[in-house]
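Pull up the model and let's walk through it together, starting from the inside and working outwards.

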Amino acid sequence: LLLLLLLPMLLVYLLQVVKDETNPLDGTTLAEMNPGLNGELGLDPQLQGVVVLKVAGGSSAAGLFQTGDRILKIGTSTIKTLEDLTRAVEKNIGKLSAATTLKIRVARGSVVIEFRLSLRPLKSKL
């Protein structure tokens, strides 16, 4: 019982979103976490991974991501570095030819949010 009291409360929210864009991360400024950056963002200095620094208004990412969100997973890929994120985007989004559902899991404070994005390829303007 004492152990349960010491563990931080972890909540998972699931959100379903339909997007016509092929990359829901468009419009984000991302960085690998380190103690200095974490301090500037008011985050635990020991946290590692990829954090959202900024979200451009009107972008694909607006309404989904917030400054300070840590990207934990894209699809089945765990994200620990920007290289992990690049590989996961290429694997899951890069060659999108048909509608698909993509899961992106982020940590926002002590809450974990899983976005389930219904992505459709952009229609050609030609």
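Let's begin with the core. This is a predicted model, and its largest nonpolar core has 20 residues. Phe65, Ile71, Ile74 and Leu85 are the ones with the most contacts inside that core. Several elements chip in: β3 (50-55), β4 (70-74), α3 (82-92), β6 (100-108) and β7 (111-119) each supply at least two residues. Of these, β7 gives the most, with four residues. As background, nonpolar side chains in soluble globular proteins tend to be buried together.

Now click on Leu85 and look around. Leaving out residues up to four places away in sequence, Leu85 touches Leu25, Leu30, Val50, Ile71, Ile74 and Ile79. Two of those partners, Ile71 and Ile74, are also on the list of residues with the most contacts inside the core.

Next, Phe65. With a relative accessibility of 4%, Phe65 falls under the 20% cut-off and therefore counts as buried. Where is its aromatic partner? The structure holds one aromatic pair, and Phe65 forms that pair with Phe115. The rings sit edge-to-face, 5.6 Å centre to centre, with 70 degrees between the planes. Phe65 lies in the loop between β3 and β4, while Phe115 is in strand β7, so the pair ties together parts that are 50 residues apart in sequence. Phe115 has a relative accessibility of just 2%, so it counts as buried too.

Then there's Ser77, over in strand β5 (residues 77-78). Is Ser77 buried or exposed? At 17% relative accessibility, Ser77 is under the 20% limit, so it counts as buried. Setting aside residues up to four places away in sequence, its contacts are Leu72, Ala88, Lys91 and Asn92.

Time to zoom out to the whole chain. The protein has three helices and seven strands, and reading along the sequence gives the pattern α-β-β-α-β-β-β-α-β-β. Of the 126 residues in the protein, 33% are buried. How much of the contact network joins residues at least 24 apart? Counting contacts between residues at least 6 apart in sequence, 56% join residues at least 24 apart. The Phe65 and Phe115 pair, which ties together parts 50 residues apart, is one link across the sequence that you can pick out by eye.

Finally, the outside. The protein exposes about 8,000 Å², and carbon and sulfur atoms supply 56% of that area.

Note on methods: Residues are numbered from 1 along each chain as its sequence is written. This is a predicted model: local features need pLDDT of at least 70, side-chain atom pairs count only at pLDDT 80 or more; totals for chains, interfaces and linings use all residues. Side-chain values use heavy atoms; hydrogens and water are left out. A nonpolar core is a set of buried Ala, Val, Leu, Ile, Met, Phe, Trp, Tyr and Cys residues joined through side-chain atoms within 4.5 Å. Buried means under 20% relative accessible area, exposed over 50%, partly exposed in between (1.4 Å probe, protein chains only). Contact means heavy atoms within 4.5 Å. Accessible areas come from the Shrake-Rupley method with a 1.4 Å probe; for residues, only the protein chains shown count as cover. Rings of Phe, Tyr and Trp (its six-membered ring) pair if their centres lie within 6.5 Å; planes under 30 degrees apart count as stacked, over 60 as edge-to-face and the rest as tilted.
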